[in-house]
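Subject: Structure for you to look at

Hello,

Here is the structure I said I would pass on. My notes on what was found in it follow below.

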Amino acid sequence: MSLSVQFFSLLAMIGTGIFAGVIMDIFGTVVAACDKRSVIRRRAFWFELGVWILLGISAFWILILVRGGAWRMYDPVAQISGMLLYVAIFHYPFRMIGRVVLIVVIRPIWYIILLVLLVIRRMIRVIVYILSLILAPFVLFYKNSRKFLQNKYRLLYNKEQ
């Protein structure tokens with residue numbers, strides 16, 4: 001294996017470490033933002049375990065792409081170095097980018113979805129109100145006729161013959 005391939009694989013493992021740091025930071029932020037009673041918060045350990053497994057699979061996939069899956073002893077050191085590099089240098093810029101994306105992209109989309117759901121809910125309420133207004137005389141007639149027939153039946157049944 002040439003020196004350039006080793007250097008490229010070392011950079012790839014540092015990159016997977018940075019990527020793992022980003023993903024775990026995002027996961028921690030999501031879990032911290034959830035309510036204490038939410039499913040994500042209650043099952044955070046299992047979700048985090050699944051995320052770590054997916055990160056391991058993706059790191060091994062990168063190793064397969066770079067050098068055919070050959071694992072060297074410096075690979076975990078490079079990944080840990082990548083995670084520490086994320087914490088030392090890239091943490092604040094990624095957080096700032098995350099806040100900007102949240103404010104500029106995700107919140108407007110979420111508000112549009114809530115607006116559409118509100119409009120649909122109001123339309124359904126208007127349709128139900130109109131239908132109940134149209135059907136109110138029939139419902140009233142049905143209730144009164146049942147009471148009338150029940151009373152009539154009781155009078156006929158309870159008469160002494």
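Thr 16 is in contact with Ala 59, Ile 62 and Gln 79, leaving aside neighbours within four places in sequence. Please bear in mind that this is a predicted model. Thr 16 is found in helix H1. At 13% relative accessibility, Thr 16 counts as buried, since the cut-off for that label is under 20%. The side chain of Thr 16 also has a partner in the backbone: one of its polar atoms lies 2.7 Å from the backbone oxygen of Met 13.

Salt bridges

How many salt bridges does a search of the whole structure find? The search gives 3.

One of them joins the side chains of Asp 25 and Arg 95, with 2.7 Å from N to O. Asp 25 lies in helix H1 and Arg 95 in helix H4 (residues 74–158), so this pair ties together parts that are 70 residues apart in sequence. Asp 25 is buried, with a relative accessible area of 15%. Arg 95 has a relative accessible area of 28% and is partly exposed; it does not count as buried because that label needs a value under 20%. Apart from neighbours within four places in sequence, Asp 25 is in contact with Tyr 86 and His 91 as well as Arg 95.

Another salt bridge is formed by Arg 67 and Asp 75, whose closest N and O atoms are 2.2 Å apart. Both Arg 67 and Asp 75 are buried.

Asp 35 and Arg 37 also form a salt bridge, with 3.2 Å between the closest N and O atoms. Asp 35 counts as partly exposed at 43% relative accessibility, whereas Arg 37 counts as exposed at 67%.

Helix H3 and the nonpolar core

Helix H3 covers residues 44–67. At 1.5 Å a residue, its 24 residues should span 34 Å, and the end C-alpha atoms are 34 Å apart, so the expected and modelled spans agree. The buried residues in H3 include Ala 44, Val 51, Leu 55, Ala 59, Leu 63 and Arg 67. Arg 67 is the residue already mentioned for its salt bridge with Asp 75, and Ala 59 is among the contacts of Thr 16. Just after H3, Gly 68 takes a positive phi of about 70°.

Which residues make up the largest nonpolar core? There are 7 residues in all: Ala 20, Met 24, Phe 27, Val 31, Ala 44, Val 51 and Leu 55. The elements that give two or more residues to this core are H1 and H3. H1 supplies the largest share, 4 residues. In soluble globular proteins, nonpolar side chains tend to be buried together. Within this core, Ala 44 touches Phe 27 and Val 31, not counting residues up to four places away in sequence.

Aromatic pairs

The count of aromatic pairs comes to 3. Phe 45 and Trp 46 form one that is edge-to-face, with 5.0 Å centre to centre and 80° between the planes. The edge-to-face label applies because the angle between the planes is over 60 degrees. Are these two residues buried or exposed? Phe 45 counts as exposed at 55% relative accessibility, and Trp 46 counts as exposed at 58%.

Elsewhere, ring pairs link Tyr 86, Phe 90 and Phe 94 into a cluster. Tyr 86 is also among the contacts of Asp 25.

Further along helix H4

Leu 133 has its place in helix H4. With a relative accessible area of 56%, Leu 133 is exposed, as the cut-off for that label is over 50%. The C-alpha atoms of Leu 133 and Ser 2 are separated by 82 Å, and the two residues are 131 residues apart along the chain.

If you want a place to start in the viewer, Asp 25 in helix H1 (residues 3–33) will do. From Asp 25 you can go to Arg 95 through the salt bridge, and to Tyr 86, which is in contact with Asp 25 and belongs to the ring cluster with Phe 90 and Phe 94.

Regards

Key: Residues are numbered from 1 along each chain as its sequence is written. Side-chain values use heavy atoms; hydrogens and water are left out. The expected span of a helix is 1.5 Å times one less than its number of residues. Buried means under 20% relative accessible area, exposed over 50%, partly exposed in between (1.4 Å probe, protein chains only). Contact means heavy atoms within 4.5 Å. A nonpolar core is a set of buried Ala, Val, Leu, Ile, Met, Phe, Trp, Tyr and Cys residues joined through side-chain atoms within 4.5 Å. A salt bridge is a side-chain nitrogen of Lys or Arg within 4 Å of a carboxyl oxygen of Asp or Glu. Rings of Phe, Tyr and Trp (its six-membered ring) pair if their centres lie within 6.5 Å; planes under 30 degrees apart count as stacked, over 60 as edge-to-face and the rest as tilted. A polar contact is a pair of N or O atoms within 3.5 Å; within protein, one must be able to donate a hydrogen and the other to accept it, and residues adjacent in sequence count only if both atoms are side-chain atoms.
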